[in-house]
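Trainee: I'm new to this one, so could you walk me through how the terms get applied?
Mentor: Sure, let's look and take them one by one.

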Amino acid sequence: MTTTPTHPTGLRLAAGVLTGILALYIALVALGNITDFGTNQQFVRHVLAMDTTFKDDDLMWRAVTSTTLEDTAYVLIIVWETVAAAVLVWGTFLWARGRDDLARRWSTYGLLMLLLLFGAGFIAIGGEWFAMWQSKTWNGLDAATRVFLLSGVALIVNLLPSGRYGRGGEGIG
């Protein structure tokens with residue numbers, strides 16, 4: 001029978017800290033978007049409207065100019081961020097409690113949520129479909145890439161095999 005160690009190993013500590021950092025980050029992002037709704041609302045509106053891109057006729061058909069649709073997209077982003085924050089906070093709590101299997105599962109869910117939001121949502125859809133890369137004013141690709149990469153690193157650390165699967169029963173952490 002395999003048991004989870006009761007003392008934190010380096011790997012468990014790293015997974016918990018990385019999960020906690022991203023939980024804090026996305027919770028602050030969600031809180032900021034809720035309490036200062038208008039700032040990033042304008043960002044989303046400009047990206048979707050493509051009003052600061054090169055105005056290429058072959059791309060402009062993609063633009064969304066309905067403020068109702070733009071604001072709906074923004075609210076959905078905030079909801080996604082809030083849920084991701086809650087999932088990651090729960091994962092962090094589970095890491096702190098030594099519940100490795102559950103912590104790994106919940107952290108994976110939350111980190112995948114961030115990868116989807118920042119990778120698929122902001123980098124692929126915002127950056128490429130809505131040509132955000134063309135805008136000097138409303139370009140969030142650098143920030144999205146940073147969060148995407150940090151989330152990916154955290155996911156890898158979270159999914160590294162624990163000591164019970166290591167060589168000869170000895171763990172990495």
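Trainee: What makes helix 2 and helix 4 count as being in contact?
Mentor: Contact means heavy atoms within 4.5 Å. This is a predicted model, and in it Phe37, Asn40, Gln41, Val44, Arg45, Leu48 and Ala49 of helix 2 meet Thr67, Glu70, Asp71, Ala73, Tyr74, Val75, Ile77 and Ile78 of helix 4. By class, that contact has 9 nonpolar, 3 polar and 3 charged residues.

Trainee: Why are helix 2 and helix 4 called oblique to each other?
Mentor: Their packing angle is about 125 degrees, and their axes are 9 Å apart. Roughly perpendicular covers 65 to 115 degrees, and roughly antiparallel needs over 145. The angle of about 125 degrees fits neither, so helix 2 and helix 4 are oblique. Their crossing is right-handed.

Trainee: And what is the orientation of helix 5 to helix 6?
Mentor: Those two pack at about 155 degrees, with axes 9 Å apart. The cut-off for roughly antiparallel is over 145, so helix 5 is roughly antiparallel to helix 6. Helix 5 passes helix 6 in a left-handed crossing.

Trainee: Which residues make the contact between helix 5 and helix 6?
Mentor: On helix 5 they include Arg104, Leu111, Leu115, Phe118 and Phe122. On helix 6, among them are Leu141, Val147, Phe148, Leu155 and Leu159. By class, the contact of helix 5 with helix 6 has 14 nonpolar, 8 polar and 1 charged residues. Gly counts as polar here, so Gly119 and Gly127 of helix 5 and Gly152 of helix 6 go in the polar group.

Trainee: What about helix 1 and helix 5: how do you know which orientation term applies?
Mentor: Helix 1 and helix 5 pack at about 40 degrees, with their axes 11 Å apart. Roughly parallel would need an angle under 35 degrees, so helix 1 is oblique to helix 5. Helix 1 passes helix 5 in a left-handed crossing. Arg12, Thr19, Leu22, Tyr25 and Ile26 of helix 1 meet Asp100, Ser107, Leu111, Leu114 and Phe118 of helix 5. Those residues divide into 6 nonpolar, 2 polar and 2 charged.

Trainee: What makes a residue part of the lining of the largest pocket?
Mentor: A lining residue has an atom within 4 Å of a pocket point. For the largest pocket, 29 residues make the lining, and Phe43, Val44, Ile77, Leu117 and Phe122 lie nearest its centre. The space in the largest pocket is about 670 Å³.

Trainee: Which helices supply that lining, and what classes are its residues?
Mentor: Helix 1, helix 2, helix 4, helix 5 and helix 6 each supply at least two residues. Helix 4 gives the most, with 8 residues. By class, the lining has 22 nonpolar, 5 polar and 2 charged residues.

How values were computed
Residues are numbered from 1 along each chain as its sequence is written. This is a predicted model: local features need pLDDT of at least 70, side-chain atom pairs count only at pLDDT 80 or more; totals for chains, interfaces and linings use all residues. Side-chain values use heavy atoms; hydrogens and water are left out. On a 1 Å grid over the protein atoms alone, a cavity is a set of points where a 1.4 Å probe fits but cannot get out, and a pocket is an open set with protein on both sides within 12 Å along at least five of seven lines; lining residues have an atom within 4 Å of a point. Grid points are joined across faces, edges and corners, and a volume is the space filled by probe spheres set on the points. Helices (H or I, at least four residues) and strands (E, at least two) are DSSP runs, numbered from the N terminus. Axes are lines fitted to C-alpha atoms, for helices over the stretch in contact, and angles run from 0 to 180 degrees between N-to-C directions. A crossing is left-handed if the near helix is turned anticlockwise from the far one by less than a right angle, and right-handed if clockwise.
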